[in-house]
Amino acid sequence: MRFRVPQTLLFGRGQLAEVPAVLVELGVEKPLIVTDPGVAAVGLPERLQQSLAEAGLASAVWDGVEPDPGEEHADACRGELLAGAYDSVIALGGGSVIDVAKVAAVLATNGGALASYFGFDRVRRQGLPLLTVPTISGSGAEVSSHAVIRERVTRKKEVVSGTYLVPRAAVVDPAITRSLPPTQTAWSALDGFIHAVEAFLARRSNPFTDAFARMAVPAIARALPRVLADGADLTAREDLSLGCLYAGLAMANANAGAIHALGYPLTGRYGIPHGLANALVAAAALERIGPGRPERAAELARLIGNGNGVADLAHEVRQLLTAVQIEDRLSSWGVQEDDLPSLAEAATHFRPVLENTPVLFAEADLLSIYRAVWA
Ligand SMILES: [Fe+2]
């Protein structure tokens, strides 16, 4: 049984102000703030730089991360780190920003081409100290030991995973998420919700991941509708962020499952946002996954709402999706019926998450799930 977490976790409104103190604790003094143009546009990097300057820490900002980042972003970020002789990295953004910062931090000290680290445990040395500050709740990237990056030529998503990818510290400040629009809030939070559900049903679940998954599921299911009803309700935002942080800790250690295998090709081919892609297939997938761990599926149904038995899990998930107004089908995102077989074939390639699911899915099973949610 293993449970890996950042050595320091800070949570709560206003914790952004504690970033300088965390850096001092880490013994670093020249961080590069890695972010993207969207986060830069709302002035967050400047705010952070100011509080670092007040603590006597010189920093710079690099906002070169784009959505669905590739090797080129990781290389550019590494180049920036080396050229400026930075001694640490602050990832200020969503999952894409954090993933680029993670791989750049290890590339800066390990050297070589990123492609040589694709896979599990191929990074051999500690990277530059990395502190993550998520600007959206749900991805779990702020605490996890992996990053997803597109390969330069094939444009396929590759994973870099291992102990040295775990950030040294994570500062989760729900006040930062206040200005996030409802759709992004919902999609990303549903990703977090599904992380907790999949971690709880996972073959690799353990008592540590169970504890966090059990706290995450009801927290997100209760808080998300409140946040969507009033985006300025900071208490609800805080409850949602905490639930998503719990979910991230569960997923980071138990890994996700077949819902993610089904979701990835939808994002890669049609640009359906990751959290939404997972949400679209979740209930149909859970109808088939639940019976693989029936007591746990029944417990999840109770944790989400009023469910009782294994058969209620998919129903409870549908109720939650309806409550947060997610009623899209694959066809509403341009997926053609003829595309479904090749999507199912693509989903079979995500073996680590498929093998982590309590029911083993053949290609035909994956296809029948896509068909169930197509129109
Ligand atoms: Fe996810």
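## Two sheets, a shared core and a helix pair

In strand 4, Val34 has Ala91 as its bridge partner. That pairing is a handy way into this predicted model, in which local features need pLDDT of at least 70, side-chain atom pairs count only at pLDDT 80 or more, and totals for chains, interfaces and linings use all residues. Residues are numbered from 1 along each chain as its sequence is written. Strands are DSSP runs of E with at least two residues and helices are runs of H or I with at least four residues, both numbered from the N terminus. Two strands count as paired if DSSP finds at least two bridges between them.

**The six-stranded sheet**

Let's stay with Val34 for a moment. Strand 2 (residues 31-34) sends Pro31 and Ile33 one way and Leu32 and Val34 the other way, and all are buried. Here "buried" means that 20 or more other C-beta atoms lie within 10 Å of the residue's own, "exposed" means 12 or fewer, and "partly exposed" is in between, with C-beta atoms placed from the backbone. Strand 2 pairs with strand 4 in the parallel sense over four bridges. Strand 2 also pairs with strand 3, again in the parallel sense, over three bridges, and there Val34 stands opposite Trp62.

These strands belong to an open sheet of six with the order 1-9-6-4-2-3 and parallel pairing. Its edges are strand 1 (8-11) and strand 3 (60-62), each of which pairs on one side only. From one strand to the next, the twist averages 20 degrees. Strand 4 (residues 88-93) and strand 6 (residues 130-134) run parallel and are joined by five bridges, with Ile90 opposite Leu131.

**The three-stranded sheet**

A second open sheet has three strands in the order 5-8-7, and its pairing is mixed. Strand 5 (119-120) and strand 7 (146-150) are the edge strands, pairing on one side only. How many bridges join strand 5 to strand 8? Two bridges do, and strand 5 and strand 8 (residues 157-161) run parallel. Strand 7 and strand 8, by contrast, run antiparallel and are joined by five bridges. Val160 takes part on both sides: Gly119 stands opposite Val160, and Val160 is also the bridge partner of Ala147.

Strands 7 and 8 form a hairpin with six residues between them, and Arg155 in the turn has a positive phi of about 65 degrees. Strand 7 is largely enclosed by the rest of the structure, because four of its five residues are buried.

**The core and a helix pair**

In soluble globular proteins, nonpolar side chains tend to be buried together. In this model the largest nonpolar core has 128 residues, of which Val34, Val89, Ala196 and Ile220 touch the most other members. Such a core is a set of buried Ala, Val, Leu, Ile, Met, Phe, Trp, Tyr and Cys residues joined through C-beta atoms within 7 Å. Helix 8 gives the most to this core, with twelve residues. The core lies between domain 1 (8-176) and domain 2 (180-372), because both give residues to it; the domain bounds come from an automatic or database domain assignment.

Helix 8 (residues 234-254) packs with helix 7 (residues 207-229) at an angle of about 150 degrees, with the axes 7 Å apart. Axes are lines fitted to C-alpha atoms, for helices over the stretch in contact, and angles run from 0 to 180 degrees between N-to-C directions. The contact of helix 7 with helix 8 has 19 nonpolar, three polar and three charged residues. For these classes, Ala, Val, Leu, Ile, Met, Phe, Trp, Tyr, Cys and Pro count as nonpolar, Asp, Glu, Lys and Arg as charged, and the others, Gly among them, as polar.

**Four residues to inspect**

| Residue | Location | C-beta neighbours within 10 Å |
|---|---|---|
| Pro37 | helix 2 (residues 37-41) | 10, exposed |
| Asp68 | loop between strand 3 and helix 4 (71-83) | 16, partly exposed |
| Asn255 | loop between helix 8 and helix 9 (258-270) | 24, buried |
| Gly334 | loop between helix 12 (312-323) and helix 13 (340-347) | 11, exposed |

Asp68 has a positive phi, near 55 degrees, although Asp68 is not a glycine. Asn255, also not a glycine, has a positive phi of about 70 degrees. For a sense of span, the C-alpha atoms of Pro37 and Glu299 are separated by 42 Å, and those of Gly334 and Arg122 by 38 Å.
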